[in-house]
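Biologist: Could you take me slowly through one part of this predicted model, namely the way its helices pack against one another, and explain each step as you would to a first-year student?

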Amino acid sequence: MSDCLVKSLAGNVQFAFSLVDKFLQVCPDEIWAKKFGGWPVWQQLYHPFASVDFFLRPQEAPPEPSLFEEGVAELKKTPAKTPDKGLLSDFIAKAQARVSLYLATLNDETLTKLNEGPSARMGREMTHAAVIALIVGHTMYHLGACDAALRESGMPGVF
């Protein structure tokens, strides 16, 4: 099987993203702005998908424009106005597409190669495989807070 490691990692990415998509479909408005895990549910989703630019941006490239003022993506502050679910869903879909395009550039050999952009920004060596693992793990961590919001509100979770 050709590039079985990339395909396996891509399957994990797709699974995580499918859970996020499911959450976006079932999350009621009354939970959308409620805090769980220290941040509003919407921000728990925005943060890992805003981080995609950090993980995939080439070393010298400028950051992509943010939907919100500085500090929101980094979980340093929350804006006064809660964003519409449609706006955030579109943003997440674009980030998911960016990850899919990135995965399409990889093969099993390149997984162990240095990903220079995040390596420089994090101050440690990050391979492409490590970046994929971080994207999945980061997404699942924040989705866990969102899932808890559903369950604590008496709804079934997405897991």
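**Helix packing, step by step**

Modeller: Let us begin with helix α1, which covers residues 4-26, and keep in mind throughout that this is a predicted model. At 1.5 Å a residue, the 23 residues of α1 should span 33 Å, and the C-alpha atoms at its two ends are indeed 33 Å apart, so the expected and computed values agree. Along this helix, the residues Val6, Val13, Ala16, Phe17, Leu19, Val20, Phe23 and Leu24 are buried. It helps to remember that an α-helix has 3.6 residues a turn, so residues three or four places apart point the same way. The cover over the buried residues of α1 includes α2 (29-32), α3 (41-56), α4 (85-104) and α6 (128-152).

One of these partners, α4, deserves a closer look. Two packed helices are described by the angle between their axes and the distance between the axes. For α1 and α4, the axes come within 11 Å and cross at roughly 175°. Since an angle over 145 degrees counts as roughly antiparallel, α1 and α4 are therefore roughly antiparallel to each other. On the α1 side, the residues that meet α4 are Val6, Ala10, Val13, Phe17, Val20, Asp21 and Leu24, and on the α4 side they are Lys85, Ser89, Ile92, Gln96, Val99 and Leu103. Sorted by class, the residues of this contact are nine nonpolar, two polar and two charged.

Next comes α3, whose 16 residues reach 24 Å from the first C-alpha to the last, close to the 22 Å expected at 1.5 Å a residue. This helix is mostly covered, with 15 of its 16 residues buried. Helix α6 has 25 residues, and its first and last C-alpha atoms lie 36 Å apart, close to the expected 36 Å. Just after α6 comes Gly154, which has a positive phi, near 85°.

How, then, do α3 and α6 meet, and at what angle do they pack? The two helices pack at about 175°, with their axes 8 Å apart, and α3 and α6 are therefore roughly antiparallel to each other, like the pair described above. From α3, the contact draws on Val41, Gln44, Leu45, His47, Pro48, Phe49, Ser51, Phe55 and Leu56, while α6 contributes Val131, Leu134, Ile135, His138, Thr139, His142, Leu143, Ala145, Cys146 and Ala149. By class, this contact has 13 nonpolar and six polar residues, and no charged ones.

Two single residues let us see these packings from the inside. Thr139 lies in helix α6 and is buried, with a relative accessible area of 3%. Leaving aside neighbours within four places in sequence, Thr139 is in contact with Ala16, Phe17, Val20, Pro48 and Phe49. Of these, Ala16, Phe17 and Val20 are among the buried residues of α1, whereas Pro48 and Phe49 belong to the α3 side of the contact with α6. Phe91, in turn, lies in helix α4 and is buried, with a relative accessible area of 19%. Not counting residues up to four places away in sequence, Phe91 touches Tyr46, Phe49, Ala50 and Leu67. Leu67 is 24 residues from Phe91 along the chain, yet the C-alpha atoms of the two are separated by 8.4 Å. Phe49 therefore appears in the contact lists of both Thr139 and Phe91.

Cys146, which we met in the contact of α3 with α6, raises a further question: how far is its sulfur from the closest cysteine sulfur? The distance is 7.3 Å, to Cys27, which is too far for a bond, because a disulfide needs the two sulfur atoms within 2.5 Å. Cys146 counts as buried, at 0% relative accessibility, and Cys27 is buried as well, at 3%. A search of the whole structure finds zero disulfides.

Finally, two residues outside these helices have an uncommon backbone angle. Most residues other than glycine have a negative phi. Asp3, in the segment before α1, has a positive phi of about 50° although it is not a glycine, and Asp3 is partly exposed, with a relative accessible area of 28%. Leu75 sits in the loop between α3 and α4 and has a positive phi of about 60°, again without being a glycine, but Leu75 is buried, with a relative accessible area of 16%.

Note on methods: Residues are numbered from 1 along each chain as its sequence is written. This is a predicted model: local features need pLDDT of at least 70, side-chain atom pairs count only at pLDDT 80 or more; totals for chains, interfaces and linings use all residues. Side-chain values use heavy atoms; hydrogens and water are left out. Buried means under 20% relative accessible area, exposed over 50%, partly exposed in between (1.4 Å probe, protein chains only). Helices (H or I, at least four residues) and strands (E, at least two) are DSSP runs, numbered from the N terminus. The expected span of a helix is 1.5 Å times one less than its number of residues. Contact means heavy atoms within 4.5 Å. Axes are lines fitted to C-alpha atoms, for helices over the stretch in contact, and angles run from 0 to 180 degrees between N-to-C directions. Angles under 35 degrees count as roughly parallel, over 145 as roughly antiparallel, 65 to 115 as roughly perpendicular and the rest as oblique. Ala, Val, Leu, Ile, Met, Phe, Trp, Tyr, Cys and Pro count as nonpolar, Asp, Glu, Lys and Arg as charged, and the others, Gly among them, as polar.
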